[in-house]
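Open the model in your viewer and keep the selection box handy. We'll go stop by stop, and at each one I'll tell you what to pick and what you'll find there.

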Amino acid sequence: MDLLRNQKVTRYIAPMREGGSLPALAEADDGFKYIVKFRGAGHGVKALIAELIGGEIARRLGLNVPEAVLLDVDSRFGITEPDEEIQDLLKGSQGVNYGMHYLSGALTLDPYVNPVDAELASRIVWLDAFLTNVDRTAQNTNMLLWHGREVWLIDHGASLYFHHSWRDIENAYKSPFQLISRHALLHKASCLESVDSKFRTLLSMSDFREIVNMIPEDWLIGDSMPSLSPDDIRSVYVDFLSRRFENSSIFVNAANDERRKSLI
């Protein structure tokens, strides 16, 4: 099983103000720069869990995703930060946080200006329908163009929204996810059935189990479902992902229906 690297944050460079959860550009002890998603931000560790799961599934499907690392913030970090909001965020983020390699010079993709072919658009729409990612819209694409204008996916923190309430978790996998109608690339995603056939050969329950096992245990402690142990919570994620994957026709059909409506 591939494990994420662990590094320590050594320098807070700047907040990324366009992100509602105050992610930041920071440097780690390996000398590289990362975009850090902090556990002390609004959605807490749930957003970090969604980032990890979403990013690693995208990677296994062959989509471009920045390298992910686990970044430690110690108790002394940020004490000289003059901005009280940022200092509070850093204090509340001691321990393990989530980082993505910084794509220096990358540009935000405009879905109506930058060319994205039907195959790639369908792969990205499939991924977001599978993960129930509500945050890849024309207003906020969370897609970047980098190195040869390749498309790179960032920010999966709004995925797996069922885990914010844990309501009816046994049936969460059945969601048709009609919010896919807001997806920035839905109008170009004309190959969903063929993509579904390809992707169904690339993932399995063992992949989902390996990815979920990457989640740091302390992200699972003190969850909003106190009756569940960390191992129980891992099992919930694996079960959701496996059953949703096995029943991919539910969200593929819904995405095709929403796409047809948008073209009328």
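Before the first stop, one bit of vocabulary: two strands count as paired if DSSP finds at least two bridges between them. Keep in mind, too, that this is a predicted model.

**Stop 1: the barrel**

Start with the strands. Five of them make a closed barrel in the order β1-β2-β3-β5-β4, and the pairing is mixed. Neighbouring strands of this sheet are turned against each other by 55 degrees on average, if you ignore direction.

Now select residues 68–73, which is strand β4. Is β4 enclosed or open to the outside? Five of its six residues are buried, so the strand is largely enclosed by the rest of the structure.

Add strand β1, residues 5–15, to the selection. β1 and β4 run in the parallel sense and share four bridges. To see where they face each other, show K8 as sticks and look across to β4: D72 stands opposite.

Then swap β1 for strand β5, residues 95–101. Here the pairing with β4 is antiparallel, over six bridges. Two spots are worth a label: L70 has Y98 as its bridge partner in β5, and V69 has G99.

**Stop 2: three helices**

Leave the barrel and select helix α3 (residues 118–131) together with helix α7 (residues 249–263). Two packed helices are described by the angle between their axes and the distance between the axes. For α3 and α7, the angle is about 120 degrees and the axes are 10 Å apart. Angles of 65 to 115 degrees would count as roughly perpendicular, so this pair falls outside that range and is called oblique. The way α3 passes α7 is a right-handed crossing.

Next, keep α3 and bring in α4, residues 192–199. How far apart are the axes of α3 and α4? They are 9 Å apart, with an angle of about 65 degrees. That makes α3 roughly perpendicular to α4, and the crossing of these two is right-handed as well.

**Stop 3: aromatic rings**

Time to turn on the side chains of Phe, Tyr and Trp. The structure holds 14 aromatic pairs. One of them is W126 with F251, an edge-to-face pair with 5.4 Å from centre to centre and 70 degrees between the planes. You have already had both helices on screen: W126 belongs to α3 and F251 to α7, so the pair ties together parts that are 125 residues apart in sequence. Try a surface view here. W126 is buried, at a relative accessible area of 1%, and F251 is buried with a value of 1% too.

Now widen the selection to W126, F130, F199, F208, F245 and F251, which together form one aromatic cluster. While you're there, add R200 and look at the ring of F245: R200 lies over its face, 5.5 Å from the ring centre.

**Stop 4: the loop between β8 and α4**

Go to the loop between β8 (150–153) and α4, and pick Y161 and F177. Stacked, edge-to-face or tilted: which is this pair? The ring centres are 6.1 Å apart and the planes meet at 40 degrees, so the pair is tilted. Both residues sit in this loop, 16 residues apart. Their surroundings differ: Y161 is partly exposed, with a relative accessible area of 37%, whereas F177 counts as buried at 2%.

Stay in this loop and select W166. W166 has a positive phi of about 60 degrees, although it is not a glycine. At 5% relative accessibility, W166 counts as buried.

**Last stop: N142**

Finish with N142, in the loop between α3 and β7 (143–146). What is the sign of its phi? The phi of N142 is positive, about 50 degrees, and again the residue is not a glycine. N142 is buried, with a relative accessible area of 7%.

Technical notes: Residues are numbered from 1 along each chain as its sequence is written. This is a predicted model: local features need pLDDT of at least 70, side-chain atom pairs count only at pLDDT 80 or more; totals for chains, interfaces and linings use all residues. Side-chain values use heavy atoms; hydrogens and water are left out. Rings of Phe, Tyr and Trp (its six-membered ring) pair if their centres lie within 6.5 Å; planes under 30 degrees apart count as stacked, over 60 as edge-to-face and the rest as tilted. Buried means under 20% relative accessible area, exposed over 50%, partly exposed in between (1.4 Å probe, protein chains only). A charge sits over a ring if NZ of Lys or CZ of Arg is within 6 Å of the ring centre and within 35 degrees of the ring normal. Axes are lines fitted to C-alpha atoms, for helices over the stretch in contact, and angles run from 0 to 180 degrees between N-to-C directions. Angles under 35 degrees count as roughly parallel, over 145 as roughly antiparallel, 65 to 115 as roughly perpendicular and the rest as oblique. A crossing is left-handed if the near helix is turned anticlockwise from the far one by less than a right angle, and right-handed if clockwise.
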